[in-house]
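This briefing covers pockets, helices, buried residues and salt bridges, grouped by topic. Please read it alongside the sequence and the structure shown below.

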Amino acid sequence: QKLELEKQVSLRTNELCQKNEELTVQQEALTVANKKLEENHIQILKQKEELEIHRSNLEKLVSERTADLERAKEKAEESDRLKSAFLANLSHEIRTPLNAIVGFSSLMDTPDLSEDERKKYFEMVSNNSDLLTILMNDIIDISLIEANQLKISRMAFVADAICEELLTYFSTVN
């Protein structure tokens, strides 16, 4: 019985040793797997931090771009208002000499008109035609300036001559 018992103890001891070795191998495998999980977890945390930084930068960029767009929108709206005012003013400026041309042209057709009056009316039509031509050229120049297609050059001028020309013009208009 003692031999039988020793034999069973020996068998059981061998089984336990095998099981112990298997458990040791499994534990080592679990330790390696845990290390990989920890490394992955650390890598995920780093990626999460990077994503947070990128998200923050993206939010900042979006808010800056939104502010830029708001400023551009306000500028476009102001430009639209100025353009409307410019067109209203422009139509008035064009109508004034055009009305003078039409009015004095029709007066020139009056049969009982003296030669001096006819010359005066013709001169008014001619002056306003010139004014209308100058105005149209100015409009074209403004368009060319806005399109960066007109080269502006500096040159000397006589201010007195310009003032006299303006004085003459405005004294004949009124």
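In the second largest pocket of this predicted model, helix α2 gives the largest share of the lining, with 4 residues. Both α1 and α2 supply at least two residues of that lining. The points below start with the pockets, then turn to the helices and the salt bridges.

**Second largest pocket**

- The volume of the second largest pocket is about 190 Å³.
- Its lining consists of K83, F86, L90, I139, I142, S143 and E146.
- By class, these lining residues are 4 nonpolar, 1 polar and 2 charged.
- Two of the lining residues also appear among the buried positions of their helices: L90 is buried in α1, and I139 is buried in α2.

**Largest pocket**

- The largest pocket holds about 500 Å³ of space.
- Its lining has 15 residues, and L131, I134, E165, L166 and Y169 are the ones nearest the centre.
- Helices α1, α2 and α3 (159–173) are the elements that give two or more residues to this lining.
- The lining of the largest pocket divides into 7 nonpolar, 4 polar and 4 charged residues.

**Helix α1**

- Helix α1 covers residues 2–108, which makes 107 residues.
- At 1.5 Å a residue, α1 should span 159 Å, and the 152 Å between its end C-alpha atoms agrees with that.
- L90, P97, A100 and I101 are buried in α1.
- The buried residues of α1 pack against α2.

**Helix α2**

- Helix α2 runs over residues 115–146.
- It has 32 residues and reaches 46 Å from its first C-alpha to its last, close to the 46 Å expected at 1.5 Å a residue.
- Y121, M124, V125, N128, L132, L135 and I139 are buried in α2.
- After α2 comes N148, which has a positive phi, near 55 degrees.

**Two positions in α2: N128 and T133**

- Is N128 buried or exposed? N128 has a relative accessibility of 10%, so this residue counts as buried, the cut-off being under 20%.
- Leaving out residues up to four places away in sequence, N128 touches P97, A100 and I101. These three contacts are themselves listed as buried in α1.
- T133 also lies in helix α2. With a relative accessible area of 44%, T133 is partly exposed.
- The C-alpha atoms of T133 and I94 are 9.7 Å apart, although 39 residues separate the two along the chain.

**Salt bridges**

- How many salt bridges does the count come to? The count comes to 6.
- Side chains of opposite charge can pair when their charged atoms come close.
- E15 pairs with R12 in a salt bridge, with 3.1 Å between the closest N and O atoms. The two residues are 3 apart in helix α1, so about one helical turn separates them.
- Both partners of that pair are partly exposed: the relative accessible area is 41% for E15 and 48% for R12.
- R55 and E52 meet through their side chains in a salt bridge at 2.2 Å, N to O. R55 and E52 are 3 residues apart in helix α1, which means a separation of about one helical turn.
- R55 is partly exposed at 39% relative accessible area, and E52 is partly exposed at 41%.
- E78 forms a salt bridge with R81, and the closest N and O atoms are 2.8 Å apart. E78 and R81 are also 3 residues apart in helix α1, so they are separated by about one helical turn.
- E78 is partly exposed, its relative accessible area being 34%.
- E52, R55 and E59 are joined into one network by salt bridges that share partners.
- Why can residues three or four places apart point the same way? An α-helix has 3.6 residues a turn, so residues at that spacing point the same way.

Terms used. Residues are numbered from 1 along each chain as its sequence is written. This is a predicted model: local features need pLDDT of at least 70, side-chain atom pairs count only at pLDDT 80 or more; totals for chains, interfaces and linings use all residues. Side-chain values use heavy atoms; hydrogens and water are left out. Buried means under 20% relative accessible area, exposed over 50%, partly exposed in between (1.4 Å probe, protein chains only). Contact means heavy atoms within 4.5 Å. The expected span of a helix is 1.5 Å times one less than its number of residues. A salt bridge is a side-chain nitrogen of Lys or Arg within 4 Å of a carboxyl oxygen of Asp or Glu. On a 1 Å grid over the protein atoms alone, a cavity is a set of points where a 1.4 Å probe fits but cannot get out, and a pocket is an open set with protein on both sides within 12 Å along at least five of seven lines; lining residues have an atom within 4 Å of a point. Grid points are joined across faces, edges and corners, and a volume is the space filled by probe spheres set on the points. Ala, Val, Leu, Ile, Met, Phe, Trp, Tyr, Cys and Pro count as nonpolar, Asp, Glu, Lys and Arg as charged, and the others, Gly among them, as polar.
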